[in-house]
Amino acid sequence: RVVVIHKKNGGLSEARNFGLDIAKGEYVMFIDSDDWVHSEIVERLYYGLASNDAQIAIADFLKVYDEKAEIENELDGKVEVYDRDSFLNDFYWTKSTMCVIGCAKLYKKVLFTHDYFPIGKIHEDAYTIPKLYLKVKKVAVFLDKLYFYYQREDSIIHSTALLNHEENIK
């Protein structure tokens, strides 16, 4: 069930696109190499999708500044389900960072039919993830922090301004 792939480093977008091309399952999730996740993230996000007929399940994330941090995290397991329009109008604009990053989500793989990640762009998630929301009927959102987003001072996210996400969803 596990496939190890050795390939030359071509960047985040190329790695994700390659993974999408060879993935055989019905669902896909992205975890960046310097981040980590709660041990129950896949189970909880899958429950959010399956029990609510959703196409994307989102977990909240916690920015972590110490790569050796041990996180004490109480989980309430509450899931909020939105239809596409309610999600875009009521949730997306208030939590745009949580919504636009490619990680901390479980997706139905079929959403990625033509919407892969652009090569050579900074903030590649902002070019792809908003478009996926236009394809869904429902989104399940967990406000539990299940993804631990390691913050390095020399990372791209700290070296450039964030894109205007409104422009990417049009």
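**Note on buried polar residues and cysteines**

1. Cys99 is buried, at a relative accessible area of 0%. This comes from a predicted model, as does every value below.

2. Cys103 is buried too, with 3% relative accessibility. Buried here means under 20% relative accessible area, so Cys103 qualifies.

3. How many disulfides does the count give? The count is zero. A disulfide would need a pair of cysteine sulfur atoms within 2.5 Å.

4. Arg16 sits in helix 1, which spans residues 12-22. Is Arg16 buried or exposed? Its relative accessible area is 5%, so Arg16 counts as buried.

5. Which side chain does the side chain of Arg16 join in a polar contact? The partner is Asp125, and the polar contact is 2.3 Å. Asp125 also appears among the residues in contact with Arg16.

6. The surroundings of Arg16 deserve a look. Setting aside neighbours within four places in sequence, Arg16 is in contact with Phe30, Asp32, Gly102, Cys103, Phe117 and Asp125. One of these, Cys103, is the buried cysteine of point 2.

7. Gln151 falls in a loop. That loop runs between strand 6 (138-150) and helix 6 (156-159). Gln151 is nevertheless buried, at 8% relative accessibility.

8. What does the side chain of Gln151 reach? It reaches the backbone oxygen of Tyr149, at 3.1 Å.

Technical notes. Residues are numbered from 1 along each chain as its sequence is written. This is a predicted model: local features need pLDDT of at least 70, side-chain atom pairs count only at pLDDT 80 or more; totals for chains, interfaces and linings use all residues. Side-chain values use heavy atoms; hydrogens and water are left out. Helices (H or I, at least four residues) and strands (E, at least two) are DSSP runs, numbered from the N terminus. Buried means under 20% relative accessible area, exposed over 50%, partly exposed in between (1.4 Å probe, protein chains only). A polar contact is a pair of N or O atoms within 3.5 Å; within protein, one must be able to donate a hydrogen and the other to accept it, and residues adjacent in sequence count only if both atoms are side-chain atoms. Contact means heavy atoms within 4.5 Å.
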